[in-house]
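This briefing addresses a protein and its ligand, together with one helix. Please consult the sequence and the structure below alongside the text.

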Amino acid sequence: MGHVVGRHAVVLGASMAGLLTARVLAESFERVTIVERDRLPPGVAQRRGAPQGHHIHALLARGAQVLDELFPGLTAEIIADGAPAGDLLGGIRWFLSGHRIKQADIGQPVLFPSRPLLESAVRNRVRALPNVRVADGLDVVEPSTTADRRAVTGVRVRGDDGDITVIGADLVVDATGRGSRTPLWLESWGYPRPQADKVHIGVCYASRAYRLPPGALGSDALMLHSWHPGQPRAAGLVAQEGDRYLATQVGMLGDQPPTELDGFLAFARSLPFDDIYRAIRDGEPLGKPATFQYPANVRHRYERLSRFPAGLFVIGDAVCGFNPIYGQGMTVAALQAAAFGDLLAEGRLPTSRRYFQAMAKVVDVPWEIATGSDLAFPEVRGRRTARTRMVNAYLPRLHAAAATDPSLGAAFVRVTGLLAAPTSLLRPDRVLRVLLSRHGAASHGAGSVVRPPADQPAAPSSRRPAA
Ligand SMILES: Cc1cc2nc3c(=O)[nH]c(=O)nc-3n(C[C@H](O)[C@H](O)[C@H](O)COP(=O)(O)OP(=O)(O)OC[C@H]3O[C@@H](n4cnc5c(N)ncnc54)[C@H](O)[C@@H]3O)c2cc1C
């Protein structure tokens with residue numbers, strides 16, 4: 001244990017943000033209690049409070065690094081438990097802006113655990129911490145406060161029997177996700193609510209699990225078919241532990257992919273490249289399909305509040321929920337938890353202002369990536385800065401050039417993996433490569449397609465003939 005900052009901390013929610021927060025608080029508090037509404041499964045299983053677990057859940061390369069810092073050896077353990085792994089560029093078949101990206105190993109490992117496997121591994125590590133207790137089957141009602149509402153003193157929880165009890169704490173962290181009620185609580189206590197920045201996207205997910213013949217994805221562990229203006233459909237197919245594959249298809253702006261088999265296949269076939277369709281069409285579907293609707297990117301600007309009760313903190317999706325297609329949520333939660341740990345390592349509780357500024361700093365770049373990419377679609381409403389317009393005009397050209405130039409593909413996937421800053425794509429040498437590339441120069445914006453060159457690797461992609 002590092003510096004003792006307090007005696008008892010309570011974390012609301014035992015999903016990724018809550019578990020990782022408990023891990024860092026355990027360094028600075030004598031005791032940490034995680035309160036969770038679900039009865040948590042003992043092993044790897046889906047649960048009601050994490051319905052996203054039925055869909056492809058990418059752990060970005062940066063997220064894997066932070067998890068290993070918080071729990072040494074965790075990713076190796078998950079791979080030993082059966083999670084497929086591969087190279088960020090060499091092991092993933094990327095389709096971006098209508099181009100198949102040239103694959104090449106870049107020495108950046110990534111792993112593809114299912115969400116239940118990853119969450120279960122993290123939960124086991126947290127449960128093993130001697131000063132952390134997981135109190136599941138408890139519904140958070142509201143934090144308790146001092147009479148003048150200036151400070152939080154614990155949390156009121158409701159058990160299965162309906163009885164309400166108060167758990168006293170020096171510190172309460174809200175990690176209850178997108179449905180967080182902190183803005184409502186603040187209002188009811190006489191504080192201003194944080195401003196919520198929203199970018200509406202109307203994203204609709206549909207997923208099915210499959211058993212596929214060996215080698216169905218060639219040597220790749222994941223195929224990712226991204227969307228672009230004029231083609232607002234995306235899909236992924238990933239190998240998972242337990243000899244299964246998970247296919248997730250996503251529509252934007254209210255386009256819900258069908259779940260029944262024929263409709264699901266037809267959606268896959270409607271994509272510019274039919275690799276996912278060809279991989280699943282003869283597969284054996286397993287279990288029931290799942291859907292999920294994600295209306296908007298939402299960022300709560302807690303860092304702009306001038307008054308906030310002492311002892312209350314907010315983390316994870318409760319601060320900012322991103323369009324899930326970019327796979328950022330768990331990595332951002334890990335980075336936020338690590339940033340909280342850095343503040344606590346100073347030996348005292350940070351002020352609310354300092355804490356929320358640190359959270360905002362973590363969120364800034366992923367928010368820019370997610371909303372900036374979404375704003376490439378003319379139908380998505382929001383403020384487009386000159387920079388957003390410039391980047392959205394440049395990226396399709398970069399993707400086109402990356403169809404033959406792995407150095408550009410590597411630069412791009414390192415940015416989306418949150419390993420490198422978006423500005424790295426604008427490095428003069430890279431801009432020059434894009435401009436000099438036959439394909440990059442020929443690409444007149446998103447939606448134009450350069451056919452894969454003849455030297456493209458083994459598993460051929462076929463483009464759907466234009467309608
Ligand atoms: C469809 C979809 C796909 C996604 N894909 C990816 C991806 O590929 N990669 C990625 O990194 N992220 C992805 N995400 C986001 C990712 O799941 C979250 O960012 C991540 O789980 C961190 O969220 P969180 O822990 O803050 O909140 P959540 O995961 O929403 O967890 C909140 C927790 O709080 C509990 N809770 C809520 N209310 C109460 C209450 N009143 N009392 C007690 N407990 C309560 C819930 O049961 C739950 O356990 C996806 C999300 C969705 C919806």
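**Ligand site and helix α11**

In this predicted model, the ligand is surrounded by 30 residues, of which Ser15, Glu36, Ala58, Arg115 and Asp317 come nearest. Domain 1 (6–80 + 116–197 + 298–366) and domain 2 (198–296) both contribute residues to the shell around the ligand, so the ligand lies between them.

**Polar contacts and cover of the ligand**

- Ser15 places a polar side-chain atom 2.6 Å from an oxygen atom of the ligand.
- For Ala58, a backbone N or O atom lies 2.7 Å from an oxygen atom of the ligand.
- Arg115 has a polar side-chain atom 2.7 Å from an oxygen atom of the ligand.
- On its own the ligand has 1,000 Å² of accessible area, and the protein covers 95% of that area.

**Make-up of the shell**

- Two or more residues of the shell around the ligand come from each of the elements α1 (16–25), β8 (139–145), β16 (284–300) and α8 (329–344).
- By residue class, the shell around the ligand comprises 12 nonpolar, 11 polar and 7 charged residues.

**Helix α11**

- Helix α11 spans residues 406–416, and Leu408, Gly409, Ala410, Ala411, Phe412, Val413 and Val415 are buried in this helix.
- The cover over the buried residues of α11 includes the strand β4 (92–96) and the helices α9 (352–374), α10 (386–402) and α12 (428–436).
- After α11 comes Leu418, which has a positive phi, near 60°.

Technical notes: Residues are numbered from 1 along each chain as its sequence is written. This is a predicted model: local features need pLDDT of at least 70, side-chain atom pairs count only at pLDDT 80 or more; totals for chains, interfaces and linings use all residues. Side-chain values use heavy atoms; hydrogens and water are left out. A residue is near a molecule or strand if one of its heavy atoms lies within 4 Å of it. A polar contact is a pair of N or O atoms within 3.5 Å; within protein, one must be able to donate a hydrogen and the other to accept it, and residues adjacent in sequence count only if both atoms are side-chain atoms. Accessible areas come from the Shrake-Rupley method with a 1.4 Å probe; for residues, only the protein chains shown count as cover. Helices (H or I, at least four residues) and strands (E, at least two) are DSSP runs, numbered from the N terminus. Ala, Val, Leu, Ile, Met, Phe, Trp, Tyr, Cys and Pro count as nonpolar, Asp, Glu, Lys and Arg as charged, and the others, Gly among them, as polar. Domain bounds come from an automatic or database domain assignment. Buried means under 20% relative accessible area, exposed over 50%, partly exposed in between (1.4 Å probe, protein chains only). Contact means heavy atoms within 4.5 Å.
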